[in-house]
Every structure is written in C-alpha cells, then in structure tokens.
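Hi,

Here is the model I promised to pass on. Have a look at it first, and my notes on what turned up follow underneath.

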Amino acid sequence: LGTYIAHQRNLSKDETFVSTLTGMAAAMGPLLPTPLLSVLLLHELSVMAGRPPKHFMETVCSTGIAATTSWFIFQFFADATILEPASLPFALYDVVQQITPYKQEWLLEAALFGIIGGLLGLL
C-alpha cells in the first residue's frame, strides 16, 4: 500500500522507501504483541540489508504512528472478528518475583532516573 501511494504521488526513491516501510509497519503492527516490535524489526532489517532510511528518526516516527494506529484499530474490532488478540506473559516479572519480592518503589525510581537522564540529555 505504501509503495502504491508513493507511486501515485510521484515521490522520490527515498520517499518511496519510507512510504513502503510505513505501509509494512502498519501491516505488521497488529500481528505482534506490541506495535513497537514491528518498527524495530523493520528498521533492523533495513539497516542489515544495507539500506537504512535517509532520515532515520522521521521514519521511526512515521512507522511508529502507522503501526500503533493499525494496532489500536485491530484491538478495537478484535471482538467482532474471528481473530484473537495474543497476549504474552510478563516473564521477567515471574522470574524476578521468584528471586526477590517486587516493590512498587522501583517504578518511582525508574521514572526518576528517566527524568534525570532526560534533563542531562538536554544539557
């Protein structure tokens, strides 16, 4: 779909490639447990194939929006179809729970470290 739209709009070769990746991300978004996985997979494959996108972050944003939108649409209509949404167990939580008790304070610490990291990144 992305390639078709790019050809109809007479986009350049680089823009056609980004449009193709965006269409592929939209198609793969509902197939995986989280739409972010389709974005990561497509970008990893394009880099490994020797053809990374020219504007990497722009492509990450467009593929992320497309994958997330298609994932939300699938989740909204999932009960009306014969398909069932897949859910994976949170395996790390199961392992950590066996080793040490899980504490809610760890989430606060992680958020605090994220905010500090973001502020340091602005410097």
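Going along the sequence, the pattern reads α-α-α-α-α-α. That comes to 6 helices and 0 strands, with helices (H or I, at least four residues) and strands (E, at least two) taken as DSSP runs and numbered from the N terminus. Do keep in mind that this is a predicted model: local features need pLDDT of at least 70, side-chain atom pairs count only at pLDDT 80 or more, and totals for chains, interfaces and linings use all residues. Residues are numbered from 1 along each chain as its sequence is written, and side-chain values use heavy atoms, with hydrogens and water left out.

On burial, of the 123 residues in the protein, 22% are buried. Here buried means under 20% relative accessible area, exposed over 50%, and partly exposed in between (1.4 Å probe, protein chains only).

Now the salt bridge. The structure holds 1 of these, a salt bridge being a side-chain nitrogen of Lys or Arg within 4 Å of a carboxyl oxygen of Asp or Glu. The partners are D14 and K54, whose closest N and O atoms are 4.0 Å apart. D14 sits in helix 2 and K54 in the loop between helix 3 (35-48) and helix 4, so the pair ties together parts that are 40 residues apart in sequence. D14 is partly exposed, at 39% relative accessible area, while K54 is exposed at 64%.

H55 is also in the loop between helix 3 and helix 4. It is partly exposed, with 48% relative accessibility. From the C-alpha of H55 to that of D14 is 9.2 Å, and the two are 41 residues apart along the chain.

D14, K54 and H55 turn up again in the largest pocket, whose lining consists of L11, D14, E15, V18, K54, H55, E58, T59 and S62. The space in this pocket is about 180 Å³. For the method: on a 1 Å grid over the protein atoms alone, a cavity is a set of points where a 1.4 Å probe fits but cannot get out, whereas a pocket is an open set with protein on both sides within 12 Å along at least five of seven lines, and lining residues have an atom within 4 Å of a point. Grid points are joined across faces, edges and corners, and the volume is the space filled by probe spheres set on the points.

Which helices supply at least two residues each to that lining? They are helix 2 (13-28) and helix 4 (56-77). By type, the lining has 2 nonpolar, 3 polar and 4 charged residues (Ala, Val, Leu, Ile, Met, Phe, Trp, Tyr, Cys and Pro count as nonpolar, Asp, Glu, Lys and Arg as charged, and the others, Gly among them, as polar).

Helix 4 has a few other residues to click on:

- S62, one of the pocket-lining residues, belongs to helix 4 and is partly exposed at 25%. S62 and T22 are 40 residues apart in sequence, with 6.3 Å between their C-alpha atoms.
- T63 is in helix 4 and buried, with 0% relative accessibility. Its C-alpha is 9.4 Å from that of H43, and 20 residues separate the two along the chain.
- S70, again in helix 4, is buried at 14%. S70 and P30 are 6.3 Å apart, C-alpha to C-alpha, and 40 residues apart in sequence.

One backbone oddity: N10 has a positive phi of about 55° although it is not a glycine. N10 lies in the loop between helix 1 (2-8) and helix 2, and is exposed at 68% relative accessibility.

Last, the surface. L112, F113, I116, L120 and L123 make up a nonpolar patch, together offering about 600 Å² of accessible area. Patches take residues with over 30% relative accessible area and no salt bridge, joining like charges within 9 Å and nonpolar side chains (Val, Leu, Ile, Met, Phe, Trp, Tyr) within 5 Å. The areas come from the Shrake-Rupley method with a 1.4 Å probe, and for residues only the protein chains shown count as cover. In this patch, F113 belongs to helix 6 (residues 105-122) and is exposed, with 58% relative accessibility.

Cheers
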